[in-house]
Amino acid sequence: MEREPGPEGARRALGRWLEAVLASRGQANAVFDILAVLQSEDQEEIQEAVRTCSRLFGALLERGELFVGQLPSEEMVMAGSRGAMRKYQVWMRHRYHSCCNRLGELLAHPSFQVKEQALSTLMKFVQLEGTHPLEKPKWEGNYLFPRKLFKVVLGGLLSPEEDHSLLLSQFREYLEYDDIRYHTMQAAAGALARVADRHPEVSLTFWNNAFTLLSAVSLPRQERNLSNFYAPRSREWPSDKWKVTHLREHRKAFQAMWLSFLKHKLPLSLYKKVLVIVHDAILPHLAQPTLLIDFLSSAYDLGGAISLLALNGLFVLIHKHNLEYPDFYRKLYGLLDPSVFHVKYRARFFHLADLFLSSSHLPAYLVAAFAKRLARLALTAPPEALLMVLPFICNLLRRHPACRVLVHRPQGPELDADPYDPAEEDPAKSRALESCLWELQALQRHYHPEVSKAASVINQVLSVPEVSIAPLLELTAYELFEQDLKKGPRPVPLEFIPAQGLLGRRDDLCAQHFTLS
């Protein structure tokens, strides 16, 4: 059929072709014209064609005019002696597949409007196929979901060439449905395995898209049956026999999805992103959280910021799942270096370090080593970090009275005779308990008055209740500066010896003599 040039001509022609196909099976060949416009390079024409395909195949699915069952080849059916209705249904089902494949390709279109429209149309087809399945149930009550069509959607979202973070944010709204979330986890696990097997060098773009999708999946916290379906069967309510209705099955799929992602060699930037959310968004939902022991242990052994971030996940495993980690405190001690006061995750690290060192059953030599190492690092730390570290050290002394010898030793060692070895990696061999905290005495002469005041606490008897460091963990130099400004001006002495008269006592006497004369 002929059509006028331009987007407006395409819109009118698509409307005529749509009406013709829906009105008469004899006009079915007009589908080819509609699909041809779907291949156009003009954005407006593509959008009109997507709308037309949505209306056309949506109506055909609701009417039941697409072939149901294992789809035979088009040539075999057309050459056979089956009835005209069966041939029409098979033929139109093949056109429907061509449309869905093209919509999957449009998920990589340069225009976001086209990508968004293609995604919404594919998800509409997913919903309609769920209500009007195109496959026959194997037994009565068999759960059917359009898995093949849904793989087209996930395959387009997990692109190895294009960043789909914005499109994935649109897809996030569908993850509120229990069936979509369940099949997303299954399809994502399969897609991760296929891409990694086919391509030895997987692009960073693919891994970023995969992480954006996986991190958007969130499971319910409490055990309950799940029945909020996006693609419900028209005559059946979700059955207890279906795996998709049970939270334990969702957890298994969630675990398989994340394990298939974490088993690969990830870029360093993704390592950090995973470790930031692992303790809160991943571990609580796994069917077997202990399966992440190797991943977290390997991350903790890498050192630097990666180790700091791995602490959260390890804490969950140690605290809730009885993980025994050899040399844990030795490696935690090794993380204390000058950079720890300047990293982005400083607050998180010291919060966890405070938790790990809170037990009163820790040996005195271990606590003394941490206190001494922190005191030594405090000599070069910025003021905002010192206001958090000094109470931290004092809390250690409050919890462990055996370590108070560090501040009550009658005569501390000379600087060049300090027995503490800062280069020793093993806290048990650092000889910290034989030393003293002379660093805190030095900090009492710090240029910042608040730091000097905090360091002077050791000159008094330490109070029994600990000082909460939570408000100080996020303290920044800007906030510290603002606090100083709010204090207002204070009187400042200009001279050590007050002046006697305008020019001094002798000059005043001379001035009096000249006045009398």
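**Notes on the cavity and the largest pocket**

1. Let's start with the enclosed space: there is one cavity of 30 Å³ or more, and please keep in mind that this is a predicted model. The largest cavity has a volume of about 30 Å³.

2. Which residues line the largest cavity? They are L336, F349, F350, A353, L357, F370, L374 and F392. Two elements, α16 (346-356) and α17 (364-378), each give two or more residues to this lining. Of these, α16 provides the largest share, with three residues.

3. The class make-up of the cavity lining is easy to state: eight residues are nonpolar, with no polar and no charged residues.

4. Now to the open space. The largest pocket holds about 530 Å³. Its lining consists of 20 residues, and those nearest the centre of the pocket are R93, H97, E129, K148 and L149.

5. Which helices should you look at for the pocket lining? At least two lining residues come from α5 (84-106), and at least two from α7 (147-157). The element that gives the most is α5, with five residues.

6. By class, the lining of the largest pocket is mixed: 10 residues are nonpolar, six are charged and four are polar. For the largest cavity, by contrast, the lining has eight nonpolar residues and neither polar nor charged ones. If you are setting up a view of the pocket, its centre can be found by way of R93, H97, E129, K148 and L149, the lining residues that lie nearest to that point.

Conventions. Residues are numbered from 1 along each chain as its sequence is written. This is a predicted model: local features need pLDDT of at least 70, side-chain atom pairs count only at pLDDT 80 or more; totals for chains, interfaces and linings use all residues. Side-chain values use heavy atoms; hydrogens and water are left out. On a 1 Å grid over the protein atoms alone, a cavity is a set of points where a 1.4 Å probe fits but cannot get out, and a pocket is an open set with protein on both sides within 12 Å along at least five of seven lines; lining residues have an atom within 4 Å of a point. Grid points are joined across faces, edges and corners, and a volume is the space filled by probe spheres set on the points. Helices (H or I, at least four residues) and strands (E, at least two) are DSSP runs, numbered from the N terminus. Ala, Val, Leu, Ile, Met, Phe, Trp, Tyr, Cys and Pro count as nonpolar, Asp, Glu, Lys and Arg as charged, and the others, Gly among them, as polar.
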